[in-house]
Amino acid sequence: MRSGERIAVGLIGFGTVGTGLVEFLLERAETVGDLYLKKVVVAHPEKPREVSFKGITGNVREILDDPEIQIVVELMGGEQPALSYVLESLENGKSVVTANKVVISRHMRDLFARARRKGVDLAFEASVAGSIPIIRILKGFANERILRVTGILNGTSNYILSRMEEGLGFEAALKLAQEKGFAEADHILDTGGFDARDKLAIVAALAFNTPMDPERIYCEGITGITSIDLDFGVRYGVGEGEPGYAVKLLATARLGDDDALELHVYPALVHRHHPLAAVYEEMNAIYLEGERCGPQLYLGRGAGRSATTSAVVSDLLRLAANRRRGIVDELPSLAGAVPIADVRKLKRRGYVRLNLKHMPGSIAEATRIMGRHGFNIEDSVQRRRFQMQFNGQVYMPDIVTVEPLPYGVVEDALEELQASERVHGMPFYLRFEE
């Protein structure tokens, strides 16, 4: 790049985060030096915008084919056509900043190879954990053997669980999250755990230098969590002097005893002494353990415009600096081949919550079924304050705490419990975090 030459930026997508980026570039024009926004591509150029910008267009070719634009920022979301735009930008010698976790998690190896071949940058800090610079942190551990990464990677779900711990039901907590802009009308990507799954695939690939397929990651969201579970967590063990538990949606990549990689996203009971138990609201957190560096915790805002915009801006300014110096960031080789563990074989301590018909013999029947599947019961607690009626029959929520069992065994037992005439609905299994 010639001295004094300006660096033109093209933005694809003018949504929540795109608006935050445009605001930053317009307000900080004097402090970003020779970096300037030239074009913004949107689906509907005529639509009124929160922030006005003269260079709006509906034709993406005005960015992809413009030789003056050296950095493309992709913030449109979704897999296609975003993937094709990112690939073509790299092919045309443009560096790319993206917040697109779907594109990165599913196509990381191809994108890295394209960027290396063309000698350009690909930055994706904003695709994971909001304002926490976890991508740069993991790159800093290139010579460390990572043993475990566990994260609260979805700010929306964490906000909902925080409100539920205060006494709100799931629907009321979800509505509040939507009103604050943390949750979409179609919330299942967040509450179903899929957003966290894609982010975990990215984190795990970088931590273990191994390509990850998000579809191979066990995924369970928070839609099955009820006020009963939060109430149980707050009270459990308190009578024996323990501080209780919090329910958190955890995304975990961990090397097991056989060096196979355990990958899963699910809600879990987290002991109050664990640092992740204290992560509330829309915050994200990542707990990392290395062979030499030991345990480390990173905490930051995970949902909302400001958090993601912060990560995008950071990437953009770094890539602009790289352009001025004629260098690019090193991308991981992804040359590893860590085997993936079978989640059905993983043993975890947990509890079964089931709605039992309030009549003699119901607990005994449930106990017999669990006994046939090898459950070793630690405790059983009926939650009278949450009793319910169906077709004139009273049902009492019962929480049965059990010693570690393979999840495949638990699944089989839950199916048999559901078939019992003394059980209403599908029983629910909630794990304790180790």
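In the predicted model, Arg305 has a relative accessibility of 23% and therefore counts as partly exposed. The side chain of Arg305 meets that of Glu50 in a salt bridge, with 2.9 Å from N to O. This pairing links distant parts of the chain, since Arg305 belongs to helix H11 (residues 305-325) and Glu50 to the loop between strand E2 (35-41) and strand E3 (56-57), with the two positions 255 residues apart in sequence. Glu50, at 59% relative accessibility, counts as exposed.

A second salt bridge is formed by Glu165 and Arg272, whose closest N and O atoms are 3.2 Å apart. Here too distant parts of the chain are linked, Glu165 being located in helix H6 (residues 155-165) and Arg272 in the loop between strand E10 (261-271) and strand E11 (283-290), 107 residues apart. Glu165 has a relative accessible area of 24% and is thus partly exposed, and Arg272, at 24% relative accessibility, also counts as partly exposed.

In a third case, the side chains of Arg385 and Asp231 meet in a salt bridge at 2.8 Å from N to O. Arg385 lies in the loop between strand E14 (377-382) and strand E15 (388-390), whereas Asp231 lies in helix H10 (residues 227-235), so that the pair ties together parts of the chain that are 154 residues apart in sequence. With a relative accessible area of 58%, Arg385 is exposed, while Asp231 is buried, with a relative accessible area of 10%. Salt bridges with shared partners also join Glu91, Arg114, Arg117 and Lys118 into one network. With a side-chain nitrogen of Lys or Arg required to lie within 4 Å of a carboxyl oxygen of Asp or Glu, the count of salt bridges comes to 37.

Helix packing was examined for two pairs. Helix H4 (residues 101-118) and helix H9 (residues 194-208) pack at an angle of about 30 degrees, and their axes are 7 Å apart. Because angles under 35 degrees count as roughly parallel, H4 is described as roughly parallel to H9. On the H4 side the contact is made by Lys101, Val102, Ile104, Ser105, Arg106, Met108 and Phe112, and on the H9 side by Asp195, Arg197, Asp198, Lys199, Ala201, Ile202, Ala205 and Leu206. The residues of this contact divide into eight nonpolar, one polar and six charged.

One of the H9 residues in this contact, Asp198, can be described in further detail. Asp198, in helix H9, has a relative accessibility of 5% and therefore counts as buried. When neighbours within four places in sequence are left aside, Asp198 is in contact with Lys101, Val102, Ser105, Arg106 and Pro214; of these partners, Lys101, Val102, Ser105 and Arg106 are listed among the H4 residues of the packing contact.

The second pair consists of helix H12 (residues 362-372) and helix H13 (residues 407-419), which pack at an angle of about 150 degrees with their axes 9 Å apart. Since angles over 145 degrees count as roughly antiparallel, H12 and H13 are assigned a roughly antiparallel arrangement, and their crossing is right-handed. The contact involves Ala366, Ile369, Met370 and Arg372 of H12 together with Ala413, Glu416 and Leu417 of H13. By residue class, the contact of H12 with H13 comprises five nonpolar, no polar and two charged residues.

Two further buried positions were considered individually. Thr150, which is found in strand E7 (residues 146-152), is buried, with a relative accessible area of 1%. Apart from neighbours within four places in sequence, the contacts of Thr150 are with Leu250, Ala251, Thr252, Leu276, Ala285, Ile286, Tyr287 and Glu433. Thr150 and Lys347 are separated by 197 residues in sequence and by 17 Å in space, C-alpha to C-alpha.

Val279 lies in the loop between E10 and E11 and is buried, with a relative accessible area of 3%. If residues up to four places away in sequence are not counted, Val279 touches Ile152, Asn158, Lys248, Asn284, Ala285 and Leu299. Ala285 is accordingly listed among the contacts of both Thr150 and Val279. Val279 and Gly294 are 15 residues apart in sequence and 20 Å apart in space, C-alpha to C-alpha.

Notes
Residues numbered from 1 in each chain as written. Predicted model: local features only at pLDDT ≥ 70, side-chain atom pairs only at ≥ 80, totals over all residues. Heavy atoms only, no water. Axes fitted to C-alpha atoms, helices over the stretch in contact; angles between N-to-C directions. Helix = DSSP H or I, 4+ residues; strand = E, 2+ residues; numbered from the N terminus. Parallel < 35°, antiparallel > 145°, perpendicular 65-115°, else oblique. Left-handed = near helix turned anticlockwise from the far one by under 90°. Contact = heavy atoms within 4.5 Å. Nonpolar A, V, L, I, M, F, W, Y, C, P; charged D, E, K, R; others polar. Buried < 20%, exposed > 50% of the residue type's maximum accessible area, 1.4 Å probe, protein only.
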